Amino acid sequence: GIEVKEFEEFTLLLLDDCNNNVPDKTSETLEELKAAGKPVIVALHVPIVPPDGQALIEETNAVWGSGDNGESRVLMGYGGKVPNGETAALIDFITADDSPVVGVIAGHVHFYSKHRVNPQAFQYTLPAGYERGMLELTVE
């Protein structure tokens, strides 16, 4: 599913990507968020391959093994699981230089990492919740 939670200072976009792709109609929600002009924090389970994603691909491959062609088996995007149209739209939304996204929070890989996804934002991956994997973000 897709959930949008509005706060005074920012919008939280929650996406179900358990099948390595986001839901249908995600691109419609992204257009609405872009038009609203507020900062957006994206929360999803499976991380995306960031624009300069080789380091994260190598990190995930070291932990989870790689696909037949060296791609990550646990990331969405080019260099990982090839995205469908909706997921490609999400990746473009997050990684655009003028993106309203100010942070991406993901899990799935079960380790901490921090990688830039656009000029003003990082994607954070976290250890599993049962390992007390937590992140505190301050929105300024």
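**Close-up 1. The lining of the largest pocket in this predicted model.** Twelve names are worth finding in the structure above: Pro39, Ile41, Val102, Gly103, Gln120, Ala121, Phe122, Tyr124, Leu137, Thr138, Val139 and Glu140 line the largest pocket. Two elements, strand E4 (101-106) and strand E6 (121-125), give two or more residues to this lining. The most comes from E6, with 3 residues. Sorted by class, the lining has 8 nonpolar, 3 polar and 1 charged residues. The volume of the largest pocket is about 190 Å³. Rolling a probe the size of a water molecule over the atoms shows where empty space is left.

**Close-up 2. Strand E6 and its partner E4.** How many of the 5 residues of E6 are buried? The count is 4, so E6 is largely enclosed by the rest of the structure. Buried here means under 20% relative accessible area. E6 pairs with E4 in the parallel sense, over 3 bridges. To follow the pairing by eye, start at Val104, which stands opposite Gln123 in E6. Then look for Ile105, whose bridge partner in E6 is Tyr124. Tyr124 also belongs to the lining of the largest pocket.

**Close-up 3. The hairpin of E5 and E6.** Here E6 is seen with strand E5 (residues 113-118), and 2 residues lie between the two strands of the hairpin. E5 and E6 pair in the antiparallel sense over 5 bridges. One pair to look for is Ser113 with Thr125, its bridge partner in E6. Strands of a sheet pair through backbone hydrogen bonds, either parallel or antiparallel.

**Close-up 4. The whole sheet, strand by strand.** In what order do the 6 strands of the open sheet stand? Reading across, the order is E1-E2-E3-E4-E6-E5, and the pairing is mixed. Strand E1 (2-6) and E5 stand at the edges with a single partner strand each, so one side of each is left without a neighbour in the sheet. On average, neighbouring strands of this sheet are turned by 20° against each other, direction ignored.

**Close-up 5. Two helices lying across the sheet strands.** Helix H2 (residues 54-64) lies across E5 and E6 and runs at about 145° to E5. Helix H3 (residues 85-95) lies across strand E2 (11-15), strand E3 (40-43), E4 and E5. The angle of H3 to E5 is about 85°.

**Close-up 6. Strand E3, covered on both faces.** In a regular strand the side chains alternate between the two faces of the sheet. Val40 and Val42 are on one side of E3, Ile41 and Ala43 are on the other, and all of these are buried. E3 pairs with E2 in the parallel sense over 4 bridges. A good place to see this pairing is Thr11, which stands opposite Val40 in E3.

**Close-up 7. Phe10 and the residues it touches.** Is Phe10 buried or exposed? With a relative accessible area of 15%, Phe10 is buried, since the cut-off for buried is under 20%. Phe10 is found in the loop between E1 and E2. Not counting residues up to four places away in sequence, Phe10 touches Lys5, Lys38, Pro39, Ile41 and Val139. Ile41 is 31 residues from Phe10 in sequence, yet their C-alpha atoms are 7.4 Å apart in space. Pro39, Ile41 and Val139 are also among the residues that line the largest pocket.

**Close-up 8. Positive phi in the loop between E2 and H1.** Most residues other than glycine have a negative phi, and most peptide bonds are trans. Asn20 has a positive phi of about 65° although it is not a glycine. Asn20 lies in the loop between E2 and helix H1 (26-36). Lys25 lies in the loop between E2 and H1 too, and its phi is near 75°, a positive value. Lys25 is exposed, with a relative accessible area of 55%.

**Close-up 9. Glu31 in helix H1.** Glu31 is exposed, with a relative accessible area of 55%. How far apart are Glu31 and Ser72 in sequence and in space? They are 41 residues apart in sequence, and from C-alpha to C-alpha they are 29 Å apart in space.

Methods. Residues are numbered from 1 along each chain as its sequence is written. This is a predicted model: local features need pLDDT of at least 70, side-chain atom pairs count only at pLDDT 80 or more; totals for chains, interfaces and linings use all residues. Side-chain values use heavy atoms; hydrogens and water are left out. On a 1 Å grid over the protein atoms alone, a cavity is a set of points where a 1.4 Å probe fits but cannot get out, and a pocket is an open set with protein on both sides within 12 Å along at least five of seven lines; lining residues have an atom within 4 Å of a point. Grid points are joined across faces, edges and corners, and a volume is the space filled by probe spheres set on the points. Ala, Val, Leu, Ile, Met, Phe, Trp, Tyr, Cys and Pro count as nonpolar, Asp, Glu, Lys and Arg as charged, and the others, Gly among them, as polar. Buried means under 20% relative accessible area, exposed over 50%, partly exposed in between (1.4 Å probe, protein chains only). Two strands pair if DSSP finds at least two bridges between them. Axes are lines fitted to C-alpha atoms, for helices over the stretch in contact, and angles run from 0 to 180 degrees between N-to-C directions. Contact means heavy atoms within 4.5 Å.
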